[in-house]
Amino acid sequence: MTSYIKIPSHLTPSDPQGSELLARERSKATFDVNELTLALYGSEELSRFKKILKILESDPILDKSNIYYMGRTELFKYALRKDKRIIQLAATHKWNVDEFKIASRLVDMSGPYSIHQSMFLPTILGQGTEEQKRKFLNPAIRHEIIGCYAQTELGHGSNVQGLETTSTYIPETDEFEIHTPHLTAAKWWAGGLGRTANHSVVMARLITNGQDKGPHPFIVQIRDLTTHEPLPGITIGDIGPKFGFNTTDNGFMLFDHVRIPRFNMLSKFSKVTKGTGEYKNPPNEKLSYGTMVFVRSVIIFNAGLALARAATISVRYSAVRRQFVDKENPMILPNGQVVETAVLDYTMQQYRLFPVIAQAYAIYFTGEIITNLYKQYIDQSSRGDFSLLADLHASTSGLKSLTSDIAVDSIEDCRRSCGGHGYSNFSGFTRFYQDYLPNTTWEGDNYILTQQTARYIIHSKQQSEEFSLRSNESPTIFYMLRYLSNPSQKCTVISPSDFKNPEVQLAIYGYRAAYLIARAVDQIDNHKKSWNSMLVEINRISRAHCQYILVHNFILTLQPQTSDSMNEKRRILHNSPSLKTVLTSVCNLFALHTMEKNLSEFLESGYLSPKQSEMLRVQISESLNEIRPNAVALVDAFYLPDYLLNSALGRYDGKVYETMIEWASKEPLNGITLDINPYSEKLFRNDVKAKI
Ligand SMILES: CC/C=C\C/C=C\C/C=C\CCCC(=O)SCCNC(=O)CCNC(=O)[C@H](O)C(C)(C)COP(=O)(O)OP(=O)(O)OC[C@H]1O[C@@H](n2cnc3c(N)ncnc32)[C@H](O)[C@@H]1OP(=O)(O)O
Ligand SMILES: Cc1cc2nc3c(=O)[nH]c(=O)nc-3n(C[C@H](O)[C@H](O)[C@H](O)COP(=O)(O)OP(=O)(O)OC[C@H]3O[C@@H](n4cnc5c(N)ncnc54)[C@H](O)[C@@H]3O)c2cc1C
């Protein structure tokens with residue numbers, strides 16, 4: 001990369017150097033970082049990760065050093081080039097799906113093929129028959145066809161039942177006719193549709209024999225495979241610049257009576273019979289929404305990693321950044337010199353950042369558990385057993401909403417904790433934050449999704465006054481029975497450290513959730529409150545329930561398990577007392593800080609008293625102290641390499657200031673010679689500054 005300004009090479013940051021400060025932090029850790037990394041990822045995944053990282057870091061096409069200076073078109077071209085490169089590398093190195101995902105995560109830029117991978121392939125896999133998989137999935141895996149997922153319309157997104165695009169069965173030709181009846185039915189937002197995809201999953205209302213069977217998925221070829229022009233009857237374009245995600249070509253699409261073969265209706269669950277147009281019902285009405293359940297589970301897992309990334313940048317930077325001298329407890333170098341205090345030593349900075357570390361771990365562990373629950377559902381459903389679907393849908397909806405909300409808020413908190421430099425692209429926060437933001441909207445707006453979760457819980461409570469829930473079908477809400485059936489109990493905490501007891505934490509969260517549910521059911525059943533009038537309460541119920549799940553799963557992860565049910569990762573964790581100790585502090589901080597942020601609900605339920613809430617604050621402060629020596633090591637353990645972070649502030653080696661000035665010297669604006677004469681029409685002078 002070109003530098004436009006020569007920086008005097010004799011200048012170094014004043015002592016202590018960032019590298020020295022981070023080394024000091026690392027030496028304070030009470031546990032083995034490598035061991036925790038292994039406990040998070042397992043040895044196999046970690047070695048794959050390292051192998052792939054090495055390949056990507058040394059690939060000139062995947063070099064990221066230029067991207068902070070690019071505009072949209074240039075960035076889009078870069079994204080297309082890197083998407084192609086990853087596919088080529090995958091073929092060369094024979095990467096499997098998981099390895100491909102690791103590479104995409106490390107390259108870290110949504111691209112024109114992203115939705116092909118994340119939605120087009122999973123939809124065919126989940127909704128197609130074996131014959132359809134042979135026809136569409138195999139070429140799609142080989143990237144001979146590139147697909148997108150067009151569900152949302154200009155006038156409808158959240159309300160899938162309200163989609164207007166139609167797919168009408170024509171018995172005479174055994175075809176479906178896809179049509180856009182109104183402007184509001186224009187497909188809108190589909191990633192990769194704007195300039196790239198030649199196929200699309202189109203969610204359209206199935207009309208057969210004059211009956212509307214609601215939205216179903218169809219595979220539609222949308223562009224010519226040779227000319228890449230839209231096919232007759234189809235109008236397509238990119239929807240224009242966005243808040244972020246500009247490296248993906250989100251598109252719009254209009255259909256004018258476009259015919260497709262009947263074969264192209266994805267028919268694993270519901271079918272239309274040739275000629276008669278008879279409709280065969282799916283075993284569960286919502287199976288055509290299956291891709292959304294899958295992607296929501298992925299979003300939960302990704303939220304943990306996004307938080308780890310934000311925490312890594314801000315915690316490392318806060319260890320290097322120094323402001324003021326804390327006169328009561330000054331930072332003294334080995335040579336006796338008093339220097340400014342690292343901002344990580346200010347308790348306010350700790351209160352802002354350490355809960356983010358805790359959120360990262362909490363959500364990471366729940367992400368693993370939800371991924372396993374999803375796998376269990378897929379396994380059962382392949383045998384015709386869909387009994388887990390309702391619970392899975394409810395928990396993925398609420399957790400997708402809660403975890404992506406937490407991540408968005410905390411990424412911004414972390415960015416702000418970096419002060420002015422957090423506002424620079426070189427912080428590594430700008431595109432990361434912009435691209436992360438839509439997670440709160442796509443795959444279901446976060447407020448709407450909480451209605452799905454609360455509705456499931458409220459129905460379960462209403463339908464079974466005797467609480468006859470079954471733990472195998474309702475695993476995520478089963479806990480509630482215990483608290484609903486015993487509403488008058490009080491919290492037993494008498495000293496701050498009692499808050500560290502996991503049983504106490506679960507009881508506090510359980511009673512608060514049960515209280516909110518019981519109150520809402522009373523309002524709906526006995527006071528005939530409308531659903532709309534209850535939406536704020538409904539949102540609270542989903543959040544309370546999902547916070548319980550996060551706390552419960554963290555505690556579960558740290559509890560001893562029978563050795564045969566333990567995988568390698570858990571074995572590492574349970575065989576290391578130092579890991580268990582530090583993660584217990586992290587778990588406590590997550591549970592107690594989340595409690596404090598929602599204190600009014602815990603107090604309102606009557607389970608917690610104002611006196612106990614004072615003790616809670618004392619214990620939170622204690623947890624922050626426990627974490628302080630391990631803060632850098634805890635973020636290091638996530639093993640997020642500099643190649644991924646692309647951050648001057650969050651570098652592993654702490655060379656913050658050297659990197660800031662080096663990257664600033666490469667700003668292309670510095671290479672332009674301006675004509676600043678106000679009376680000249682020219683903006684630039686002809687002589688271009690020499691490149692260094
Ligand atoms: C590999 C992946 C890698 C990375 C992934 C990360 C990012 C990917 C990048 C970009 C992706 C962006 C793509 C998109 O955004 S695609 C568009 C997504 N759109 C949505 O999510 C729309 C949201 N809306 C809905 O899902 C639904 O409209 C609804 C809000 C759920 C309401 O549905 P509706 O049909 O009206 O149903 P209800 O009357 O509310 O409920 C009826 C009944 O059905 C149950 N139900 C609803 N949805 C589901 C489901 N998905 N699965 C199972 N069951 C479902 C509901 O609970 C209710 O049950 P009852 O028993 O109470 O009757
Ligand atoms: C970057 C990006 C990429 C996307 N990629 C794709 C893609 O590849 N394919 C695809 O099909 N779609 C895609 N989408 C679309 C996305 O899935 C929808 O935007 C999302 O589902 C929200 O729907 P909406 O835009 O209709 O919001 P709306 O439903 O119009 O929401 C507007 C507001 O109304 C509120 N609201 C609406 N209904 C209710 C209600 N019943 N109760 C209470 N409040 C309500 C919402 O909370 C929200 O605040 C993408 C979107 C973005 C931003």
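Let's start at ligand 2: 20 residues surround it, and Q151, T152, G157, S158 and W189 come nearest. Here a residue counts as near a molecule if its C-beta atom, placed from the backbone, lies within 6 Å of it. This is a predicted model, in which local features need pLDDT of at least 70, side-chain atom pairs count only at pLDDT 80 or more, and totals for chains, interfaces and linings use all residues. Residues are numbered from 1 along each chain as its sequence is written, while chains are lettered from A and ligands numbered from 1 in the order in which they are written.

Back to that shell. Strand 1 (147-150), strand 4 (187-190) and helix 12 each give at least two residues to the surroundings of ligand 2. Helices (H or I, at least four residues) and strands (E, at least two) are DSSP runs, numbered from the N terminus. By class, the shell around ligand 2 holds eleven nonpolar residues, eight polar and one charged. For the bookkeeping, Ala, Val, Leu, Ile, Met, Phe, Trp, Tyr, Cys and Pro are nonpolar, Asp, Glu, Lys and Arg are charged, and the others, Gly among them, are polar.

Now for ligand 1. It has 29 residues around it, of which S118, V160, K286, Y289 and W442 come nearest. Helix 6 (114-127), helix 8 (290-320), helix 10 (389-417) and helix 12 (446-463) are the elements that contribute two or more residues to this shell. Its classes come out as 15 nonpolar, eleven polar and three charged.

How do the domains fit in? The chain is split into domain 1 (72-109), domain 2 (120-282) and domain 3 (293-473 + 494-636), with bounds from an automatic or database domain assignment. Domain 2 and domain 3 each give at least three residues to the shell around ligand 1, and each also gives at least three to the shell around ligand 2. As for domain 1, its C-alpha centre lies 31 Å from that of domain 3.

Helix 10 is worth a closer look, as S410 is found there. S410 is buried, because 24 other C-beta atoms lie within 10 Å; the cut-offs are 20 or more for buried, 12 or fewer for exposed, and partly exposed in between, with C-beta atoms placed from the backbone. Leaving out residues up to four places away in sequence, S410 touches L307, A310, V356 and Q359, where contact means C-beta atoms, placed from the backbone, within 7 Å. One of these, A310, is 100 residues from S410 in sequence, yet their C-alpha atoms are 7.6 Å apart.

Over in helix 5 (residues 97-107), I102, A103, S104 and V107 are buried. Their cover includes helix 3 (43-57), helix 4 (72-93) and helix 6. Just after helix 5, D108 takes a positive phi of about 60°.

An unreviewed UniProt entry lists residues 32-146 as "domain: Acyl-coenzyme A oxidase N-terminal"; such annotations may be inferred rather than shown by experiment, feature names are shortened, and positions follow the numbering used here. That span is 72% helix and 0% strand.

Zooming out, the chain has 22 helices and 13 strands. Its radius of gyration, taken over C-alpha atoms, is 27 Å, which agrees with a compact globule of 692 residues because that would have a value near 26 Å; the rule is 2.2 Å times the number of residues to the power 0.38. Of the 692 residues, 43% count as buried.

Definitions and conventions: Two residues are in contact if their C-beta atoms, placed from the backbone, lie within 7 Å.
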